[in-house]
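Here are some questions on how labels are assigned in a predicted model. Each answer sets a value against its cut-off.

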Amino acid sequence: DHRDLHSFPTRRSSDLGPSPGPPTGTVDVTTLHWNIHRPCGTSNSGCISLAKQRLAALANEVGAKIVGTVELKGSPDALPGWQSTGVQCDNSAVMVAPGWKITNSGGYCMNGDSAKGFAVALVTPPEQVQGCSALCVLMGHVPHGSGSGTTGHSKIASVCGNAAGSCSIMMADWNTDNIGSTWSALFGGGTTLVEPNEITCCYPDYSYRFDHTATNVQGATSTGYKVFDPQLTKFPSQYEHKPVSVQLRLPGVS
């Protein structure tokens with residue numbers, strides 16, 4: 001079990017204070033990802049506006065370096081000064097903090113479903129990750145059903161090239177608690193870290209563990225995570241997921 005390799009205990013959301021600095025020799029890749037869900041995040045102007053405000057506030061609170069959203073119209077507007085993929089299939093987007101650079105990007109509708117998409121970016125972090133000249137970063141909303149049939153590998157390969165196989169990070173509403181078969185279909189191989197495994201779906205009856213940050217980077221660790229309360233309950237925010245942040249740390253080049 002890869003969890004045994006963690007040299008830093010995972011801190012639960014209840015005692016998660018400000019993000020600790022990255023352990024010596026590691027690169028801080030703190031994530032924030034959120035499925036806002038349609039129609040609140042795609043066609044209700046008040047909901048869209050509040051979601052963008054909350055996205056910016058949460059990103060600032062956790063010190064996020066990479067942010068992913070699905071089903072939020074115009075989400076890159078929420079983080080001025082950040083680079084983004086632009087809005088892709090299913091209103092998906094990846095945004096990266098100042099100092100990070102997107103050198104290639106695209107999007108795809110998995111299994112031909114316009115309500116199940118991902119945004120993908122080839123990203124150069126400000127500090128190099130060991131074994132990775134660039135990172136392949138995705139935000140997705142994975143189709144229900146058998147993960148082994150999930151399409152999109154060819155799009156990931158075309159955007160990320162060799163980085164896909166060993167330098168990928170995917171944030172998503174995976175619509176499953178066990179992402180192994182989906183990951184294999186999209187990237188090949190397996191993951192080195194998947195976190196959290198907490199109930200995040202869906203408003204108003206939370207009962208599913210669907211929202212995870214996953215990576216195949218060797219030596220990846222986490223110094224904690226936070227699962228936020230739903231942000232949009234003043235609207236009819238049916239199926240809103242809880243926003244999730246993971247303090248992902250990747251080995252640096254000493």
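Q: Why are Cys89 and Cys109 called a disulfide?
A: Their sulfur atoms are 2.0 Å apart, and a disulfide is called for sulfur atoms within 2.5 Å, so the pair qualifies. The link is right-handed, with 110 degrees about the S-S bond. Cys89 sits in the loop between β4 (83–84) and β5 (93–96) and Cys109 in strand β6 (residues 101–109), 20 residues apart, so the pair links distant parts of the chain.

Q: What makes Cys89 count as buried or exposed?
A: Buried means under 20% relative accessible area. Cys89 has 13% and is therefore buried.

Q: What class does Cys109 fall into, and why?
A: With 29% relative accessibility, Cys109 is partly exposed, because partly exposed lies between the 20% and 50% cut-offs.

Q: How do you know that Cys136 and Cys160 are joined?
A: The S to S distance is 2.1 Å, against a limit of 2.5 Å, so this pair is also a disulfide. Cys136 belongs to strand β8 (residues 135–141) and Cys160 to helix α3 (residues 153–160), so the bond ties together parts 24 residues apart in sequence. Both cysteines are buried, and the link is right-handed with 80 degrees about the S-S bond.

Q: What makes Cys40 and Cys47 a bonded pair, and are they buried or exposed?
A: Their sulfur atoms are 2.0 Å apart, within the 2.5 Å limit. Cys40 has 2% relative accessibility and Cys47 has 0%; the cut-off is under 20%, so both count as buried. This link is right-handed too, with 110 degrees about the S-S bond.

Q: How many disulfides are there, and what pattern do they follow?
A: The structure holds five disulfides. Counting bonded cysteines along the chain, the pattern is 1-2, 3-4, 5-8, 6-7, 9-10.

Q: Why is Phe235 called buried, and which residues does Phe235 touch?
A: Its relative accessible area is 16%, and the cut-off is under 20%, so Phe235 is buried. Phe235 lies in the loop between β12 and β13. Beyond four places in sequence, Phe235 touches Cys40, Asn44, Gly46, Cys47 and Leu50.

Q: How do you know that Glu240 has no salt bridge?
A: The nearest side chain of opposite charge, Arg54, is 8.6 Å away. A salt bridge requires a distance within 4 Å, so Glu240 has none, although Glu240 is buried. Glu240 is in the loop between β12 and β13, and its contacts beyond four places in sequence include Trp34, His37, Cys202 and Tyr203.

Q: What is the sign of phi at His37 and at Tyr239, and what burial class does each have?
A: Phi is near 80 degrees at His37 and near 75 degrees at Tyr239, positive values in residues other than glycine. His37, in the loop between β2 (31–35) and α1 (40–43), has a relative accessible area of 14%, under 20%, and is therefore buried. Tyr239 has 44%, between 20% and 50%, so Tyr239 is partly exposed.

Q: Which peptide bonds in the loop between β10 and β11 are cis?
A: The bond from Cys201 to Cys202 is cis, with omega near -5 degrees, and Cys202 is in that loop. The bond from Tyr203 to Pro204 is cis, with omega near 0 degrees, and Pro204 lies there as well.

How values were computed: Residues are numbered from 1 along each chain as its sequence is written. This is a predicted model: local features need pLDDT of at least 70, side-chain atom pairs count only at pLDDT 80 or more; totals for chains, interfaces and linings use all residues. Side-chain values use heavy atoms; hydrogens and water are left out. Helices (H or I, at least four residues) and strands (E, at least two) are DSSP runs, numbered from the N terminus. Buried means under 20% relative accessible area, exposed over 50%, partly exposed in between (1.4 Å probe, protein chains only). Lys and Arg count as positive and Asp and Glu as negative; His and the chain ends are not counted. Contact means heavy atoms within 4.5 Å.
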